[in-house]
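User: I'm new to this one and would like a close look at a single part, with its surroundings filled in afterwards. Here is what I'm looking at.

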Amino acid sequence: RPMSRRLRRATLVAGAGVGMGSAGRLALIRLRDRLGAAGQVIEPGFAEPPTVATSSGGPGSLVDFATVGREGARWLTSPVPAATVEQVTGVAPVLDGIRVFVGIDSAPSAEERVALALAELRRTGAFDRSYLLVESPAGSGFANPTPVDILEIMTGGDCAAVSVGYGTLPSFLSLNRMDLAGNTQRLLLDAIGAELAQRTSRPQLLLYGESLGARAQQAGIPKGSADLDRLGVDHALWVGTPGGAESVAFHAAVADESITVDRPEQIPDPLPQPRPRVWFLEHDGDPVVRFEPTLARRRPEWLAQQPRGRNVPEKMVWVPGITWSQVMVDTLFATNVKPGLFESRGHDYRADLGAVVTSALGLSTDAGTSARLEQALRDLEVARAQRIQGT
């Protein structure tokens with residue numbers, strides 16, 4: 001999740017304190033406790049549970065709305081208005097989109113949380129829709145609502161989305177939860193795959209993960225293409241995957257059917273055939289993507305290649321240890337979010353998602369619809385930000 005200026009400052013102070021021994025560890029523990037507690041609190045602007053039965057926490061839901069946390073409440077109570085769907089597509093929505101969210105506090109174990117999510121998917125009729133999106137959240141439980149918004153708009157609501165959390169801490173404090181995160185995704189995908197295998201008609205199965213959520217979902221399908229085949233995955237999009245050996249290995253595991261782009265302008269026209277099933281959206285100049293352990297001892301390819309990727313400084317040189325530290329600090333400032341002002345840079349992918357999500361998930365569109373979609377996504381984000389701010 002994008003970090004506020006106050007959170008970045010607190011992170012730098014805590015990080016500096018770690019090097020000071022026990023005082024630093026105490027500062028980090030206090031920061032972790034404070035941020036974790038904040039992630040469990042539902043904000044006033046999102047305190048009213050959903051009023052539709054197609055959302056977790058709404059009428060008839062098996063999920064207690066009070067347990068979904070800050071991010072779950074934001075995700076569940078922000079459906080796309082019918083007027084927005086009609087404004088973009090020219091057609092009124094046919095159904096209410098289904099949104100299923102299970103928070104870390106909704107059940108005591110990963111197995112029980114996944115069982116609860118599956119029961120919610122059955123209750124809401126998610127397996128009877130044309131599309132089912134499994135979104136892997138980041139460490140805090142943050143699941144970007146934008147791909148769900150796009151899906152609801154472009155399908156007229158004939159879709160479902162599900163997300164299961166594994167914590168309430170920001171991603172930089174959730175690295176020790178990656179085993180839990182990956183196991184949660186594996187259990188969820190296995191359960192959904194088994195359910196779909198029993199059906200004669202089934203929705204298209206879509207995967208989406210952003211930042212640490214991308215890494216978590218990839219960890220849940222370690223065999224890459226073989227797992228995608230086994231589960232019946234139709235399309236997958238992973239955005240801003242944090243760098244490192246695991247990420248490189250996963251890229252290799254799906255290399256024969258994947259495409260990586262830095263921005264929408266790099267999407268091939270026409271697309272190669274057979275159509276890529278796996279898409280990676282990764283900015284050349286995203287320090288979160290570029291930060292990896294080997295950076296301390298070996299010059300990375302992205303600093304060796306010519307011409308350099310977009311927003312990679314021409315004057316940047318590799319120095320053992322120093323470059324690693326520089327990129328680590330850059331990760332804390334990789335996103336500077338201003339609601340409605342979309343910028344394709346650093347770890348901010350909002351400006352890219354309209355075009356890349358529609359292409360990656362196989363949603364047909366045209367130039368006029370795409371332009372209206374881009375404006376609608378900005379308007380929806382501004383409306384959410386106003387609710388967060390209480391205005």
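How do the residues of the lining of the second largest pocket divide into nonpolar, polar and charged?

Analyst: The split is even: eight nonpolar, eight polar and eight charged. In this count Ala, Val, Leu, Ile, Met, Phe, Trp, Tyr, Cys and Pro are nonpolar, Asp, Glu, Lys and Arg are charged, and the others, Gly among them, are polar. Keep in mind that this is a predicted model, where local features need pLDDT of at least 70 and side-chain atom pairs pLDDT 80 or more, while totals for chains, interfaces and linings use all residues. Numbering starts from 1 along each chain as its sequence is written, and side-chain values use heavy atoms, with hydrogens and water left out.

Back to the pocket. Its volume is about 580 Å³, and 24 residues line the second largest pocket, with V248, E282, R290, E292 and W302 nearest its centre. A pocket here is an open set of points on a 1 Å grid over the protein atoms alone, where a 1.4 Å probe fits and protein lies on both sides within 12 Å along at least five of seven lines; lining residues have an atom within 4 Å of a point. The volume is the space filled by probe spheres set on those points, which are joined across faces, edges and corners.

Which elements build the lining? At least two residues each come from α10 (245–253), β6 (258–261), α11 (287–290) and α12 (301–304), and α10 gives the most, with four. Helices (H or I, at least four residues) and strands (E, at least two) are DSSP runs numbered from the N terminus.

Now follow the chain out of two of those elements. Past β6, the loop between β6 and β7 (278–281) holds P270, and the D269 to P270 peptide bond is cis, with omega near 5 degrees. Past α12, the loop between α12 and α13 holds P307, where the bond from Q306 to P307 is also cis, with omega near -5 degrees. N311 sits in that loop between α12 and α13 too, and has a positive phi of about 70 degrees although it isn't a glycine. Why are these worth a glance? Because most residues other than glycine have a negative phi, and most peptide bonds are trans. N311 counts as partly exposed because its relative accessibility is 44% (buried is under 20%, exposed over 50%, partly exposed in between, with a 1.4 Å probe and protein chains only).

For the wider picture, look at the salt bridges: there are 22, each a side-chain nitrogen of Lys or Arg within 4 Å of a carboxyl oxygen of Asp or Glu. A good place to look is D149, whose side chain meets that of R99 at 2.9 Å, N to O. That pair links distant parts of the chain, R99 in strand β1 (residues 98–102) and D149 in helix α6 (residues 146–155), 50 residues apart. R99 counts as buried at 1% relative accessibility, and D149 is buried with 1% as well. R384 forms a salt bridge with D149 too, with N and O 3.1 Å apart at their closest. Here helix α15 (residues 367–389) is tied to α6, and the partners are 235 residues apart.

A local case is R123 with E120, at 2.7 Å. Both lie in helix α5 (residues 110–124), three residues apart, about one turn of the helix. E120 is buried at 0%, whereas R123 is partly exposed at 27%.
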